[in-house]
Amino acid sequence: MAMHQKRLYILDHHDYLMPYLRRINTLGVCIYASRTLLFLKADGTLKPVVIELSLPSDGEGDTELSRVFLPATHGTEGHLWQLAKAHVSVNDSGYHQLISHWLFTHAAVEPFIIATRRQLSAMHPIHKLLEPHFKDTMQINTLARSILLNAGGILERTMYPGKYAVEMSSAIYGDWRFTEQSLPNDLLKRGMASSSNEPGGLTLHIEDYPYAVDGLEVWHAIDGWVRSYCAHFYHSDKEVDGDAELQAWWHDVRTVGHGDRQGDQACWLALDTVDHLAQTLSTLIWIASALHAAVNFGQYAYAGFPPNRPTRCRRFVPLPGSPEMTQLEADPEKFFLEMVPDRFTATLGLALIEVLSNHTSDEVYLGQRATSTWTDDGQLLRLLDRFREDLRRVERRVEERNKDPRLKNRRGPAKVPYTLLFPDVAGQEKGLTGKGIPNSVSI
């Protein structure tokens, strides 16, 4: 019944992780593959109702050893539930940083930047449209490879996959599809929405889902701007199909930059219509701006207290009757602190997310341009003004929703308002603010 009513959800950190667990757990960490079932309550919030933690069996093959934990608040069962939740948080923090953040924004955008520099002249209208969304990305990616993702770097020293981090992300990239990266398609794929005849074409299964609610408004603003921009320069599908520079750019993206994914026909749209061009560019701009803002700039607010978001575990959940269980029962707080990262690792990880969560002093936000001389076309400038006004309306609605006491997910138990998709068209937010959508993947 609950499944048919769209009230059961799963946080699945099992299938992609299981093939690596034997190797990862030789690195001095204690990691499970996890599945968590969550129930959508009548007040719109999600409650975890069961956690499964799995390990490969001691023998060869694909057999697994799994334990199931149920919610509890008192005694040994309550302590075990807290430990199980910590292990799930470890899985989630690693996936977040390595996949949601690095792979799906920083790494995914880079081939588009290279292809743009190679194939589109600086005077090409699509080059002019995309240029603000590439600001500083190559520099920050180079820096990430030199001190974060490199062998023995900060990510390997703080996140649970260790030296298998990049290998695991490469395997996950094998299922990545550009066509699924637009927000509407992402929500459909993850089962968070259904197609409908309602405005926007989607019905959310969780009405109070701040990322989706705010994000869809930002998405439609971006899509409206991009479609009007494309229509200004391309008056027919034939003009798109016949644009030699544009077709060379798209060929470079698909067969060189993202060449590993060229064999999957569902990964890409054919760039043969104005509509497909607009969908492609809207998706790219969404990834570089709003998606990156949503996964990056709130990290310190949500993970700045390391026990709330541990990045690796040093102990497994104890088995009944074991000496470790006796230790847990004798001093559960000591056991927990000995399970989560040590002080140095936690401090190093905390320093990293504080840096990542800061807006730079020269940030250029969605709807802004670094220079007023990017075009002298009055019609384009009016279209950009309309885009900015659309984003200002999004800002007002975000603020209104954050004041609504019925929307419990917008503030959560810690009473932190959801502002990660507050555009900040005025560009006033600098530093550690948890709000504002920069144009580009700039940190």
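This tour visits two helix packings and then one cavity.

The model is predicted, with local features requiring pLDDT of at least 70, side-chain atom pairs pLDDT 80 or more, and totals for chains, interfaces and linings using all residues. Residues are numbered from 1 along each chain as its sequence is written, and side-chain values use heavy atoms, without hydrogens and water.

**First stop.** Select helix 2 (residues 75-119) and helix 10 (residues 244-257), whose axes lie 9 Å apart at an angle of about 140 degrees. Helices are DSSP runs (H or I, at least four residues) numbered from the N terminus; axes are lines fitted to C-alpha atoms over the stretch in contact, with angles from 0 to 180 degrees between N-to-C directions. Helix 2 is therefore oblique to helix 10 (neither under 35, over 145, nor 65 to 115 degrees). Show the contact (heavy atoms within 4.5 Å): residues of helix 2 including Pro111 and Phe112 meet residues of helix 10, among them Trp249 and Trp250.

**Second stop.** Keep helix 2 and add helix 11 (residues 274-296); the angle is about 155 degrees and the axes are 10 Å apart. These two helices are therefore roughly antiparallel. On the helix 2 side, select His96, His101 and His106, which are among the contact residues; on helix 11, His292 is one of the residues met.

**Third stop.** Select Leu129, Trp225, Arg369 and Phe387, which are among the residues lining the largest cavity. A cavity is a set of points on a 1 Å grid over the protein atoms alone where a 1.4 Å probe fits but cannot get out, and lining residues have an atom within 4 Å of a point. The space in this cavity is about 70 Å³, taken as that filled by probe spheres set on points joined across faces, edges and corners.

Note on methods:
1 Å grid on protein atoms, 1.4 Å probe; cavity = no way out; pocket = protein on both sides within 12 Å on 5 of 7 lines; lining within 4 Å.
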